[in-house]
Structures are given as C-alpha cells and as structure tokens.
Amino acid sequence: MGSPADPEADGRPLLWLGANQIGKSYAQAAKLLHYIRRTGPYALRRPGPVQICIVSISKEQIVPLMAKIWELLPKRAKPHGGEEAIECPEARFGPGFGFRGKPPRLVFTSGQGAGSLVRFATYKQGSGNIAGSTLDVLMLDEPPPEDLWGEVVLRMLRKSGQIWITMTITPDSPPQEWLKAKVEAGVVRSMATPSAREEGGKWVPDRDAFRPLDGTPPFISRKSILKAIGETPESERPLRFGAAWDGATTDRWLSAWTTACISDTPIPAGCIGMLSLDHGIRPGKQAAALLAYHAATARFWLLDEVAGGDVATSSQQDAANILEMLRRNGITWYAIDFWIGDRSAAATRGDARKDNAALRRYIAEELRINADRFPRIEVPYKSAGTLTSGFRQLNALFASRTFLVHPRCTNFIKACERWNGDKRSGLKDILDAARYGMETCLSGRTRLSATVTTRQTR
C-alpha cells in the first residue's frame, strides 16, 4: 500500500485500521525493511539511504514492533557470545525492553540499506523531537493525537515524506473523530482488516478477511479468535475484532459475568491472602476486598468485602470495618500476605482524607500494636491504559470461571451486573478494589508465602 508497485499510490497518508493479533506488527516490520533495502514492493523506490521515525503512545506500546523488526533482521554470532544484526551491528535489543539507546535507534551500516537510520519516539516527546529532521517515512504505531497531525504530518507532506499509520482503536485511545473525518473526506487513504464480524448479535471469526495473499496461514486461529471474543467485553468487540472506529454501547461492561461466578465453595490450601483497597472516586468513601489467590492454578476467590455505600466514613471507621471483616472470616491480620491500597483521596468540602498511611496507623491502633509492626500498604502500579486492561483481564477471568465471588459480596455482584463502563460511577469503587489485588497477583508482585485459611470457606 503506497509503494511504487501500488497502482493506486497517490502520496496520501496511509491508514491501516486492523483487529488485534492479526499480524500488524509483523507486516509493519516487513514493509519497513523492504523500504530500507529497496526490495519487494519497494524495489523501484528512489535509491539512497533513508531516514525513518517510528512513533507510538509509549515505549511499552512500541516494544512488539521492535521485537518483530529484530526477529526479521539477519543475525551473526558475536566473537564473545551472543548475536548481532548484520546490517546494524550496533543495535542492542532486550526481550521485553526493545532497542536500547536515548533515543532508541537502528543505524544500517551495510547491505542495500547502508546509511539508513530508524529512530523511535513517543507522542509525549512532542512534535519538535519527532520532526526535527527531514524524514522519508513517519510511522505512527497506534492512534495519534490530533495536535501531532497538525504540527508534524503537514510538515511531512510539504517535504514529500510518506506517512504510515497502523492502529487498533481502544477505549484508552485519544479521540479519533478527526482522523475518521479525514478518511471520509478522502484526505487519508485507509484499509480495514477485521478478524470477525457480527451476525445476528454474535461475533463470527472471519479469517479470510486477514489471510495473507502469499498463501501462508493467518497468524491467529479460529479457535483463538473465539476464545478472545468470549473474554472481551461486548463494548470493545467492534474495536478489537471488527477494526471499527467506535465501540458498542452496552448496559453492562463486564459482559462475561454470570451468576455461575458466584460460589461459596472452599478455597484450596496454599492460597495467597490479600486485602485490597480503593479510596473511592469521592473523598470519604472507600471499598475493601478480601481476596485469595492460588498461584498454581491462577484462580481467585473474592471472600468478603467492605463497601462504604452512601455513608462517608473516617479512616478510623474504615480500620475497624476491615478488622471486623477479617474476624468474621476467621483470619488474623498477620495471615494476610499482601496489603495494597490506592493512592490517597484528597479531602474536599469537609470530607475525610483517605490514604494508606492513615489507614495503617488506625489499624495498628485498633490492634493495640506499634504502627511499624503492621505491614506497609503498597500502592498499585498505574499507567496509561491499566484501568481498561485490568477490567478486560477481570472479564476474561469471569469467562474462564477462574474468579469466583462469595454470595456475601453483594456490592461487588451488583457492580458486575450494573456497571456500564462509566469511570465516574460509584459502582466502580469495589470493582477497583478487587482489580488492584488481581493485577498485583498476576504481575508477580506477591512473593510472600501463602498462609491464608478461613473458617467459613473450609
């Protein structure tokens, strides 16, 4: 698309709107190397080295594309162990980290692409860093913000550079109505590649839509697509499988939740015990979730909860409520392996400030022990997209029946049944409390020994 071999190439920016897991990163890497080496569809491009800048939302978002580029570069053994890319021997790649350097870059020193430079950047670095030099190609990996288009893309067009955009829109993407309008107006040339289509209210895999033209099998199987559809909230399915611009409007965001997830079955021996807290979207409100996690089978049990409801409580009251929850489950405070709590909620309009340090101090007072004897309440890791990815992960656990909820957790059950994705809703508080604990367990941060046992679930 857009190469000298493309009869419809006309210099317009190119957009590939594709479903998840269909091989977009592999295709981008292959196209990039063809362009640099003047091979394949780019065999007739203008001779000479080229400069390319690849930009994405964050370094983490761009690592999969870096990995595919590294995978496709021919390697040779280094004299003292390891391997290096033949065409760009100075490149240093780390699995899960990507290319190293400030900024990360690839300098081609041999082969048909000798003299070419590929550098990587993020949208946060600003337009000046991205378009500070003349570029032959600007690759935008994942949806770009509108202000970048106005400052960088128009400058690229004036210099006759090419613009390649590849993306899957997600709920965390910046607004894309402006880009959709440019596609509809013919300013941007686009291609959509779905992996499934909706028929009669159900999503059906459509592997022919993304089958490679050279006859090789698709990158994802029908079985894998069906599994992913079942684990994905209904509101995101048009985006992640239909390569659509907009998600679906639903009454219930956690679409995999059913009453089959409610169970009072005993938990197995060897579980990790966790007390997970959310200080609430409104100061003075708080939710706490008592979780058990069985690492060997990656299964969760929500054993009990404390939710503020419509009444504001002080940190001292919260401490008493949490300890009462532990007592009614026959659990001592020192049997909890991991305590985790959201960042502080600032006080406004006379409401009580909530934070982990205050709660820890009041729990210690209730227990009549020195505060330094009580475990530190850790803050959960947060970055762009963690909220959506965390709830998507929770939905997948519901789909596989590996997150079970005790019937007494009525606030959590109500939230699963009624939360529609509104981030301002009070229903989200108890969901967040459970989500922080789930994410902490699955991230590997729980390294302590598992000791939790409960009287009511044995």
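**A walk along the strands**

Start by selecting strand E2 together with strand E9 (residues 137–141): the two run parallel and are joined by 5 bridges. Keep in mind as you click around that this is a predicted model. For a close-up of that pairing, pick Ile52 and look across to E9, where Val137 stands opposite.

Now add strand E8 (residues 117–122) to the selection. E8 also runs parallel to E2, and 6 bridges join them. To see one of these contacts, highlight Val55 and Ala121, which is its bridge partner in E8.

Next, show E2 (residues 51–56) with everything else around it. Is this strand enclosed or left open? Of its 6 residues, 5 are buried, so E2 is largely enclosed by the rest of the structure. Buried here is a matter of under 20% relative accessible area.

Time to move on to another stop. Select E17, E14, E15, E16 and E18, in that order, and you have walked across an open sheet of 5 strands with mixed pairing. Which strands stand at the edges? Colour strand E17 (338–341) and strand E18 (403–405): each has a single partner strand, so one side of each is left without a neighbour in the sheet. While you rotate the view, note that neighbouring strands of this sheet are turned by 25° against each other on average, direction ignored.

Finish at the E18 edge. Strand E16 (residues 299–307) runs parallel to E18, with 3 bridges joining the two. Zoom in on Leu302 and you'll find its bridge partner in E18, Val405. If you switch on side chains, remember that in a regular strand they alternate between the two faces of the sheet.

Note on methods. Residues are numbered from 1 along each chain as its sequence is written. This is a predicted model: local features need pLDDT of at least 70, side-chain atom pairs count only at pLDDT 80 or more; totals for chains, interfaces and linings use all residues. Side-chain values use heavy atoms; hydrogens and water are left out. Buried means under 20% relative accessible area, exposed over 50%, partly exposed in between (1.4 Å probe, protein chains only). Helices (H or I, at least four residues) and strands (E, at least two) are DSSP runs, numbered from the N terminus. Two strands pair if DSSP finds at least two bridges between them. Axes are lines fitted to C-alpha atoms, for helices over the stretch in contact, and angles run from 0 to 180 degrees between N-to-C directions.
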